[in-house]
Amino acid sequence: MNKKKKPFLGMPAPLGYVPGLGRGATGFTTRSDIGPARDANDPVDDRHAPPGKRTVGDQMKKSQAADDDDEDLNDTNYDEFNGYAGSLFSSGPYEKDDEEADAIYAALDKRMDERRKERREQREKEEIEKYRMERPKIQQQFSDLKRKLAEVTEEEWLSIPEVGDARNKRQRNPRYEKLTPVPDSFFAKHLQTGENHTSVDPRQTQFGGLNTPYPGGLNTPYPGGMTPGLMTPGTGELDMRKIGQARNTLMDMRLSQVSDSVSGQTVVDPKGYLTDLNSMIPTHGGDINDIKKARLLLKSVRETNPHHPPAWIASARLEEVTGKLQVARNLIMKGTEMCPKSEDVWLEAARLQPGDTAKAVVAQAVRHLPQSVRIYIRAAELETDIRAKKRVLRKALEHVPNSVRLWKAAVELEEPEDARIMLSRAVECCPTSVELWLALARLETYENARKVLNKARENIPTDRHIWVTAAKLEEANGNTQMVEKIIDRAITSLRANGVEINREQWIQCVAHNALECARAIYAYALQVFPSKKSVWLRAAYFEKNHGTRESLEALLQRAVAHCPKAEVLWLMGAKSKWLAGDVPAARSILALAFQANPNSEEIWLAAVKLESENNEYERARRLLAKARSSAPTARVFMKSVKLEWVLGNIEAAQELCEEALKHYEDFPKLWMMKGQIEEQEEQTDKAREAYSQGLKKCPHSTPLWLLLSRLEEKIGQLTRARAILEKSRLKNPKNPGLWLESVRLEYRAGLKNIANTLMAKALQECPSSGVLWSEAIFLEARPQRKTKSVDALKKCEHDPHVLLAVAKLFWSERKITKAREWFHRTVKIDSDLGDAWALFYKFELQHGTEEQREEVRRRCENAEPRHGELWCAVSKDITNWQRKIGEILMLVAARIKNTF
């Protein structure tokens, strides 16, 4: 028992001990704290209490009576009739007779109120009228004047003067506070108080001041003052939140200034604007907290694995983009100590260090990595003297003699004779480099070049470029009979070595000047692929551009023998004969073509064109009649109608047109010709009917809609023309031609604002349409045209219409060289655009020489353009149906008026 007895029992409690405090048993009250309970008859503690207060019960009754006698003397409880005590009889019981009495009193009050109601309402009404007469509303004061406005004439209304500015001069012309811009050096001084810089990086002075490492646009090209509160008091750091707010405010102001209020369209792209701002300010765009996290993360990577090169490079670049260039340099140099065998770390260190220090860094890198080609190339780039570059590269070649890159860099710095000597050594060290062999062959004499190429073929038997170079060498030296032999040997050798013979690659190897080499390659390709129409066509176009007429005709004779079903080859042969003036030979070729391709529409039409161009109209009519009977197509009927129309047989043309429409009512060109014939005969109603019927059958034909609209505009029905174009846009959405005509219609009517609005809508619906952008450029005022042209080039970079518009823009600004360059670019991208050739020729007429004009005319005749708004208006005119390409070019150029 004694073992289980607690040791503290029987001992005195410690000083300050409170029972139950440790388990939270405190704060409760027991009877011992307030004393024992008492009966109502028990005497009170006061021995001398007066009678009536000597027991506990007497005192309790006395306190209740006192509570009942207390009055509530608050003002909110006061009543005029009952006073503070409320009802006099509130303490008494509320019986039935009390309820009846209250009902009687309420009825009396209601009766008395009704007796006074009329008099009271009358008095209130009079008081309101008296108040309104004394203080009338503004509307009532001017009511008589408003009624008199009906008598004001239009002249009196227009003569009312404008309300002027009633403010005084100081209010109208406030004096703005003058602010002086703080130089960037001030901020840089405070930012770099804790750093020691021994040199200045040339990039830091790129924009005329030190770059700050914080985003916010401190070094912007826009002048401005120092925003109050940018510098945090007591420190050398910037308040980044306020800088960000200032930058956002500047951006919002500029974006709102360039907003287009007419169309609601923003002239500049906000994202692109922000990108431009970031490109102007060479600082990072991240958050400060993100940079701190990145620093901490990279520091842990460096400490965990100090021999990991990417960690040192990433840390240095982080400090570089935040503007702490010296910290970046220190980090990367420490990285070179920890990773001396890392090529990337040494190159990064050389990039970050200034000139002489970078050379010292590269020298250390070479000691650690004597076989690194990239470090040697970097060392050569750091040298400014040519002799020093040569010395570095020669030293590099002593250590790395098998590097093609080092040999190429060294040879580029040498004179031809020294380069030849170096290349002789280079091909010994790098015998598998095709570029070095070919470069050496170019520098050698003819005999030595042949030896060099033979050695090259022995060392690299699988490369086709060496064989092609050998063929070009023979051709350049007049040994043309060897070209074909070399190409044959090349194919045989390459096949023996397992090289795939790719036709496209061989054709790409052909240079423009190596004509015999190209012919040999084409000849071998035609032997291998005799039935390939595409190869025959390429060979024919090659002969057409670089060969003679006889060689072309000989090739085409072979071509039609192997590919008799290729209509285009027959037509090329016939055209060659016709252009040479040999019309009977052309007819015989077409006759053979008929035998090989009976009922061919292209050959029928070519025969008709041959006869009509040579004034054999009756033969052309007979051919067309045979074609309509044996091969009736819509194009055959169309050519028949056109032949009669241009010859002046209007009735025969109309009859043929009606016959053709019975068979081909969905061919829009027939409806167009019918309407144009009626329009030529001044039959406006019949022309309108023809166009309308054609649109019912061909609602998606844009030229038909344009012809009908222009007919209505011609007779003065502008509203009807506008309605026709709106209807056409509904049936043909996203059609640039219809939008362009709508814009021009309003512009011709003098409604330039409506034209600009329509153009904005058109560009929204067809954002990549070159014809719309080219028109939009010249709808702008002259100062805004360049900006519009930049937007057009961003949307349609390779569209010929946009390029042509830019050329016209330079022409209007008298920038002759740039305009000629853009004209060349336009006709190169799309040689079928006749308008470009006509404008180019007009430009050369004004600013070019006779040779330049002849060059443009010759190139246009070779290109044979067929499209273009101005070009088609002239070439499709029936009065010009027998004109040659050169004549049409001059006619179109004469119509152009450079009023843009």
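1. To start with the term that matters most here: a residue is buried when its relative accessible area is under 20%. Keep in mind that this is a predicted model. With that cut-off, helix α18 (residues 404-412) has Leu406, Trp407, Ala410 and Val411 buried. Looking down the axis of α18, these buried residues fall within an arc of 130°, so they line one face of the helix. What does that face pack against? The buried residues of α18 pack against α16 (373-382), α17 (386-399), α19 (416-429) and α20 (434-443).

2. Two residues of α18 come back in the largest nonpolar core, which has 60 residues. Leu406 and Trp407 are among the members that touch the most other members, along with Ile332, Ile375, Leu436, Leu453 and Ile466. Which helix gives the most to this core? That is α16, with seven residues. Ile375 is worth a click: leaving out residues up to four places away in sequence, Ile375 touches Glu343, Trp346, Leu347, Val362, Ala365, Val366 and Leu369. Another core, of 41 residues, lies apart from this one, and its members include Met572, Val583, Ala593 and Ala620.

3. Now for charges, starting beside that core. The structure holds 39 salt bridges. Arg374 pairs with Asp344 in one of them, with the closest N and O atoms 3.1 Å apart. Arg374 sits in helix α16 and Asp344 in helix α14 (residues 343-352), so this bridge ties together parts that are 30 residues apart in sequence. Arg374 is partly exposed, at 39% relative accessible area, and Asp344 is partly exposed with 39% as well.

4. Helix α14 also has a salt bridge of its own. Arg351 and Glu348 form a bridge whose closest N and O atoms are 2.5 Å apart. The two are three residues apart in α14, which means about one helical turn separates them. Are these partners buried or exposed, and by how much? Arg351 is partly exposed at 34% relative accessibility, whereas Glu348 is buried, with a relative accessible area of 4%.

5. Further along the chain, Glu746 forms a salt bridge with Arg722, with 2.6 Å between the closest N and O atoms. Glu746 belongs to helix α38 (residues 736-748) and Arg722 to helix α37 (residues 718-731), so the pair ties together parts 24 residues apart in sequence. Glu746 counts as buried, at 3% relative accessibility, while Arg722 is partly exposed at 24%. Back at α14, salt bridges with shared partners join Arg317, Glu320, Glu348 and Arg351 into one network.

6. Arg450 deserves a quick look too. Arg450 is in helix α21 (residues 446-459) and is partly exposed, with a relative accessible area of 31%. Its C-alpha atom is 9.9 Å from that of Thr469, 19 residues away along the chain. Not counting residues up to four places away in sequence, Arg450 touches Leu473 and Glu474.

7. On to the rings. How many aromatic pairs does the structure hold? There are seven aromatic pairs. In one of them, the ring centres of Tyr617 and Trp881 are 6.0 Å apart and the planes meet at 45°, so the pair is tilted. This pair links distant parts of the chain, 264 residues apart: Tyr617 is in helix α31 (residues 617-630), and Trp881 is in the loop between α46 (869-875) and α47 (885-895). Tyr617 is partly exposed at 24% relative accessible area, and Trp881 counts as partly exposed at 22%.

8. Phe810 and Trp822 make another tilted pair, 6.2 Å centre to centre with 40° between the planes. Phe810 lies in helix α42 (residues 800-812) and Trp822 in helix α43 (residues 816-829), 12 residues apart. Phe810 is buried, with a relative accessible area of 13%, and Trp822 is buried with 13% too. There is also an aromatic cluster made up of Trp811, Phe823, Phe840 and Phe843.

9. Last, two places where a charge meets a ring. The charged end of Arg302 sits over the ring of Trp312, 5.6 Å from the ring centre. Likewise, the charged end of Lys808 sits over the ring of Phe778, 4.9 Å from its centre.

Note on methods
Residues numbered from 1 in each chain as written. Predicted model: local features only at pLDDT ≥ 70, side-chain atom pairs only at ≥ 80, totals over all residues. Heavy atoms only, no water. Buried < 20%, exposed > 50% of the residue type's maximum accessible area, 1.4 Å probe, protein only. Helix = DSSP H or I, 4+ residues; strand = E, 2+ residues; numbered from the N terminus. Arc of directions from axis to C-beta. Contact = heavy atoms within 4.5 Å. Core = buried A, V, L, I, M, F, W, Y, C linked by side-chain atoms within 4.5 Å. Phe/Tyr/Trp six-rings, centres within 6.5 Å; stacked < 30°, edge-to-face > 60°. Lys NZ or Arg CZ within 6 Å of the ring centre and 35° of its normal. Salt bridge = Lys/Arg side-chain N within 4 Å of Asp/Glu carboxyl O.
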